[in-house]
Amino acid sequence: MDKPNIRPEEYSNIVKSVPDGTFYRFPLQFVHGVPLMQPIANGWDKVEKFHARPDDLLIATYPKAGTTWTQEIIDCIMNGGDVEKTKRAPTHVRSPFLELCSPPPVPSGIDILEVTPSPRLVKTHLPYELVPKSFWEQKCKAIYVARNAKDNAVSYYYFDVMNKTQPEPGTWNEYVEKYLKGNVAWGSWFDNVLGWWKAKDQHEILYMFYEDLKENPKREIRKLMKFLGKELSEDVVERIYRHTSFQTMKENPMANYSSVPSNILDHSLSPFMRKGEVGDWMNHFTVAQNEMFDEEYNRRMEGSDLKFRSSI
Ligand code: PPS
């Protein structure tokens, strides 16, 4: 397909204008052993060959680990704390989603990236092994955010309910099993967090945790500033902190995904900005599910020095 000649601002209008049936719950298809939504698998060639620029910043996560929050904080930092500038476009336009691919004429993440001026904030959920090599050849910086497996599962379950392009989640009980086996889009949480943990010492990768962001957002904002080489005053840190609080982002149409049409993200089923808490898993896991989860968790994480907090 020829690259659509679009400006990022036009993205939402194109998405809104596509005929009924363009979007549906796409099946998963394996790419190098990782299940991805079929349109992503179909567009994989372009992802693999993606040309990163040296000043691209990669924001990588397993889905639902705090991507959007981190994207918003980083966009604030890159704009020197001018939060009005962050309202120029929705998250997915300001910080395009590398591998995202939809049926034509909807532009892919790469189509949007190609018309995005540098420095680009590139979002990905890819496991480390699948990240296009050019990011490392160009010595790009990357920020990885990880979230404890149980809250991550709950958040992903509700997202799969409301995201009408991902496979049906089924019941919560069915979902827990699928998630543990990695039978969800982007595959296994274990593979994703462990792969990036191992990679973090080979490149300029800052490995962060959702729980740390919740516990002390300003400390984590400062950590991000340092990694990005940006010095900002404490007043600016305070402004970024307030602009990126859960409640403010929930009410911000440029940060809450409300601009995506409901045939893709149906917020009436579950809002994208759902709860934003650490420990919500306790409201969902039965004792039996928790035991099963812990058993598999201990097996998969054995020997790793990567530790998570499931409560703070
Ligand atoms: S996605 O679709 O993968 O990009 O989703 P992602 O942004 O990674 O994760 C969405 C979850 O992050 C929560 N969130 C926040 N929590 C606290 N503070 C802020 N500012 C914030 N912004 C987003 C969001 O509510 C989702 O978590 P749950 O647990 O479902 O509420």
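## Thr-61 and the ligand shell

The side chains of Thr-61 and Thr-67 are joined by a polar contact of 2.9 Å (a pair of N or O atoms within 3.5 Å; within protein, one must be able to donate a hydrogen and the other to accept it, and residues adjacent in sequence count only if both atoms are side-chain atoms). This is a predicted model, where local features need pLDDT of at least 70, side-chain atom pairs count only at pLDDT 80 or more, and totals for chains, interfaces and linings use all residues. Residues are numbered from 1 along each chain as its sequence is written, and side-chain values use heavy atoms, with hydrogens and water left out.

Thr-61 lies in strand 3 (residues 57-61); strands are DSSP runs (E, at least two residues) and helices likewise (H or I, at least four), numbered from the N terminus. Thr-61 has a relative accessible area of 0%, so it is buried (under 20%, 1.4 Å probe, protein chains only). Its side chain also makes a polar contact of 3.0 Å with the side chain of His-125.

His-125 leads on to the ligand. Three side chains place an N or O atom by a ligand oxygen:

| Side chain | Distance to a ligand oxygen |
|---|---|
| Lys-64 | 2.9 Å |
| His-125 | 3.1 Å |
| Arg-274 | 2.8 Å |

The protein covers 98% of the 640 Å² of accessible area that the ligand has on its own (Shrake-Rupley method, 1.4 Å probe). Around the ligand stand 22 residues, with Thr-67 and Ser-155 among the closest (a heavy atom within 4 Å). Helix 4 gives the most to this shell, three residues.

Methods: Buried < 20%, exposed > 50% of the residue type's maximum accessible area, 1.4 Å probe, protein only.
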